[in-house]
Amino acid sequence: MSAISLSPKQREIVDTKDGALLVKASAGSGKTRVLTERIKILIPKSKRKILAITFTNKAGEEMKDRLKDLDNLNDRLFIGTFHGFCQQVLESHGNLIGLSKMPHIFEDESDRLKIIEEALLSSPYYNSLYQEKTPKEQKSFLYDVLGFISEVKRQLLNEKQLLEQTKDQDNVLLFKEYQDILFSQNAIDFDDLILLTYNLFATQPSIASLYRRTYEYICIDEAQDLNNAQYQLLKIITGDEHKNVMMVGDPNQSIFAFNGSSSDFMNKEFIKDFDPLVIELKENYRSAKKVLQAAEKIMPNSNDISNTIKEGVFQVVETDNEDHEAKWIYEKINELIETKTYPDIEGIVTSDRIVILARNKYVFTPLEKI
């Protein structure tokens, strides 16, 4: 396994011992790197497993790729989304909350909207109201109901709590009808994965204790995108004694706010509940000073280069025509590959690490002919 160069601040994070840890990392500061490098340190240290939560399957695959050289990776580490983890839990222990077999999961928004429409059309009262609306109004209404249902599940409300806290009885009735349709089809939706897993741990403390003992360390990437259900699930897994939780995130980069997420769970709730060591990463390793300085000439005050580490290279080359331009690019690529190493770049420079960008596809034609 090739050695990874880490800054002193990154090294401090990677080498942090047991306990809660919050890494506030700005864009390009290497937050995924410190997370994966710390996992590399923890795996041989721990006799138990590590739970690594990402927010997309793509991010999970990227993390697996970075850790692929580790022995027995699948036996020592779970990498995946909250929903993927919850599905695994329910497949193993769902019978304890009445799931005789794993239900079909409606993941797609379009499928859930169809179920809501079915719930509307099955009621003469709602059917009449729905049919009076224009197609645009119908679509908006379906999304409003879907938003209500998702919010109920993210707040982990049972039916009694829902009735007590919600004044909109129409939405409550539609919620119940929606759930009845799911039940009749032995199905659940995406939000149910977390809700049912939370209910399993809440009603079966021995199962929560089992997972607490199974996973000695929990790592959460992109923690700024946590929502209430996910955070409450984390808390019920960890209980009162489990404090080996590492969160990594950028409060300024939340992309799932439409899904009930809030950086407050990372910035406020996690600090209050776990009293973590807080370390900030501000250095920018993704961009280069020379490139940002060039961008500043085009759009002044558009970039902050004060924390940019890599010097980089920016060069404007004028050629006589497209063929000469293509030849220059070709020779430059060969030069980089033959040199093998380059300042600011870790590892060997190979063709698959080089990207050519152009304003239009036709610009590539002369280059493709070389």
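Search this whole structure for enclosed space and you get two cavities of 30 Å³ or more. Keep in mind as you click around that the model is predicted.

**Stop 1: the largest cavity**

Select H83, K153, R154, D191, I194, L195, N227, A229, Q230 and N259, and you have the lining of the largest cavity on screen. The space inside comes to about 60 Å³. Now colour by element: α8 (135-154), α11 (190-203) and α13 each give two or more residues to this lining. Which of them gives the largest share? That would be α11, with three residues. Switch to colouring by residue class and you'll see a mixed wall, with three nonpolar, four polar and three charged residues.

**Stop 2: the second largest cavity**

Next, pick L51, I53, F82, F85, I218, I220, L234 and I237, which line the second largest cavity. Its volume is about 40 Å³. Two strands and two helices give two or more residues each here: β2 (49-54), β6 (215-220), α5 and α13. How does this lining divide into nonpolar, polar and charged residues? The count is eight nonpolar, no polar and no charged.

**Stop 3: α5 against α13**

Keep F82, F85 and I237 selected, as they turn up again in a helix contact. Show helix α5 (residues 82-93) and helix α13 (residues 228-238) as cartoons: the two pack at about 50°, and their axes are 12 Å apart. That angle makes α5 oblique to α13, and the crossing is left-handed. To see the contact itself, add sticks for F82, H83, F85 and C86 on α5, then Q230, L233 and I237 on α13. By class, you're looking at five nonpolar residues, two polar and no charged. H83 and Q230 should look familiar, since both belong to the lining of the largest cavity.

**Stop 4: α11 against α12**

Finally, go back to α11, the helix that gave three residues to the lining at the first stop. Bring up helix α12 (residues 205-214) beside α11: the axes come within 4 Å and cross at roughly 105°. Parallel or perpendicular? The pair is roughly perpendicular, because angles from 65 to 115 degrees count that way. For the side chains, select L200, F201, A202 and T203 in α11 together with P205, I207, A208 and Y211 in α12, where the two helices meet. This contact has seven nonpolar residues, one polar and no charged.

Technical notes
Residues numbered from 1 in each chain as written. Predicted model: local features only at pLDDT ≥ 70, side-chain atom pairs only at ≥ 80, totals over all residues. Heavy atoms only, no water. Axes fitted to C-alpha atoms, helices over the stretch in contact; angles between N-to-C directions. Parallel < 35°, antiparallel > 145°, perpendicular 65-115°, else oblique. Left-handed = near helix turned anticlockwise from the far one by under 90°. Contact = heavy atoms within 4.5 Å. Nonpolar A, V, L, I, M, F, W, Y, C, P; charged D, E, K, R; others polar. 1 Å grid on protein atoms, 1.4 Å probe; cavity = no way out; pocket = protein on both sides within 12 Å on 5 of 7 lines; lining within 4 Å. Points joined across faces, edges and corners; volume = space filled by probe spheres on them.
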